[in-house]
Amino acid sequence: MKSTALYEEHQSLDAKMIDFGGWQMPVQYSGIIDEHKAVRNKAGIFDVSHMGEILISGKEALDLVQKIITNDASKLTNGDVLYTPMCYQDGGIVDDLLVYRIDVDKFLLVVNASNTTKDFRWVEKNAELFEQAEVEDKSDYYGLIALQGPISREIIQPLLEEDISNLKYYTFIETDIAGVEAIVSRTGYTGELGFEVYLKAEDAVQVWNAMLKEGSDKGLKPAGLGARDTLRLEKALCLYGNDIDETTNPLEANLGWTVKFDKEDFNGKEALEKVKEDGVKRTLVGFIMQERGIPRHGYEIKVDGEVVGEVTSGSYSPTLDENIGLAYVDKKLAEEDTELDVCIRKREVKAKIFKTPFI
Amino acid sequence: MSIPNDLFYTENHEWISVDGKDAVVGITDHAQEELGDIVFVELPSVEEEVDQFEEFGVIESVKAVSDVFMPASGVIVEVNEELMDRPELINEDPYGSGWLIKIEIKDKDELEELMDSTEYEAFLEEE
């Protein structure tokens, strides 16, 4: 099993470790609810070095990027970040990822840890069409630390040379942090103000500890994958492998805004155009339980005794103190306040569709 | 890690405290620690009869769903209703206010199949 450069820091912080896609990662430190609340109210620091990084460079770098993603990277300028699905020809999702435009001929793709190998092969295969585009797996080179929460800017600013008070959402700068080179981007997976810091893996310990030192008396806490999951779910952000995968397409996953039909050919364009024309059959909705019970991935959803869908993500929500979930349901049913029954251990437990994000 | 010496333990990390025919059942400190923040508890109805090592309820933490099993056959005489609103009591006080059910034991001989505190401690070390 792989571990990140911060493994020993997690040990010394008494983290509970789990296997996540072949990586030994911290699932929690002080407790998921405590860490969740720290991120919503103050700040949390996450080791997400397991994420994959794929560098695409060369004269045809943009052409390759445009071919593999559904969103439009042609409008990016240096320092811009773009969220996008990457699809197969049939419209199924290979992965969802971030595109960083480092330079006009240099793009960094940040992909899900458990998909890194699959994605790299897929991008390489597509690169065969472009003589002047090079693909490089930089996943072992980069460490990644996410600092998230309303006071994250106060914590990170003193460690930087540059003023980031004007750094906009979904943009980044290349700068020094705590004396080492890094990419600092205003992105995250919690729905809070936050930053993600890409650095050489061997520099991760230094920056991790500098952040903890700067933030611990302000309320910063180390946070694990458990809190990362409840935080993203409250904001209804998709998790690959749960809410989206190769059997789902971006249009039914409420990611229609990331599919730019007006750009030239891209993988899945034709299939997705057909889906759009015919209308989606099912759609991803949020719901809140109205009776006791926690929805979990894979539970069936019924209406009047008939199966109409399946839960893709579900959990207790620390912010709402309610049990919430995401599910694909029949398009016809996807309206706010529609009552659903979630099948929990042979019982049907009432839930109601809720407009996402939950908070 | 607390392992009181007046209780019996199962390999699935339940404890039982026995006083004549009356017994109280809960999960161990180790179990609550492993589960993390407990946010949901499902318990049986009073008067239900459950056999030894049969499932009698469900405990859910933020991340995990976990069945709980009867340390000994018996009839449910009381369930801890307070856990419905405050499941976190299991984390805070697993051998006290975080108890799950009270039962009337059918056959005291079944207790021989359980571990005492010394055996349970050794079991945890092996695990």
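Three exercises on chain A follow, each with a worked solution.

The model is predicted, so local features need pLDDT of at least 70 and side-chain atom pairs count only at pLDDT 80 or more, while totals for chains, interfaces and linings use all residues. Residues are numbered from 1 along each chain as its sequence is written, and chains are lettered from A and ligands numbered from 1 in the order in which they are written. Helices (H or I, at least four residues) and strands (E, at least two) are DSSP runs, numbered from the N terminus.

**Exercise 1. Determine how covered helix H7(A) is and what its buried residues pack against.**

Step 1. A residue is buried if 20 or more other C-beta atoms, placed from the backbone, lie within 10 Å of its own; it is exposed if 12 or fewer do, and partly exposed in between.

Step 2. H7(A) spans residues 225-234, and 9 of its 10 residues are buried. Among them are Leu225(A), Arg228(A), Asp229(A) and Glu234(A).

Step 3. Contact is defined by C-beta atoms, placed from the backbone, within 7 Å. The buried residues of H7(A) pack against strands E2, E3, E4, E17 and E18 and helix H2 of chain A.

Step 4. Just after H7(A), Ala236(A) has a positive phi of about 55°.

**Exercise 2. Give the strand order of the open sheet that contains E5(A), and place the helices on it.**

Step 1. Two strands pair if DSSP finds at least two bridges between them. The order is E6-E7-E8-E5-E9, with antiparallel pairing.

Step 2. E6(A) (81-87) and E9(A) (134-137) are the edge strands, each pairing on one side only. The twist averages 30° from one strand to the next.

Step 3. E5(A) (residues 52-57) pairs with E9(A) over 4 bridges, and Leu55(A) has Glu136(A) as its bridge partner.

Step 4. Axes are lines fitted to C-alpha atoms, for helices over the stretch in contact, and angles run from 0 to 180 degrees between N-to-C directions. Helix H3(A) lies across E5, E6, E7 and E8, at about 130° to E5(A). Helix H4(A) touches E5, E7, E8 and E9, and its direction makes about 15° with that of E5(A).

**Exercise 3. Which strands pair with E18(A), and over how many bridges?**

Step 1. E15(A) (residues 282-289) pairs antiparallel with E18(A) over 7 bridges; Leu284(A) stands opposite Tyr328(A).

Step 2. E17(A) is joined to E18(A) by 8 bridges, also antiparallel, with Gly309(A) opposite Val329(A).

Step 3. E17(A) and E18(A) form a hairpin with 4 residues between them, and Asp321(A) in the turn has a positive phi of about 55°.

Step 4. Of the 9 residues of E18(A), 7 are buried.

Conventions:
Two residues are in contact if their C-beta atoms, placed from the backbone, lie within 7 Å.
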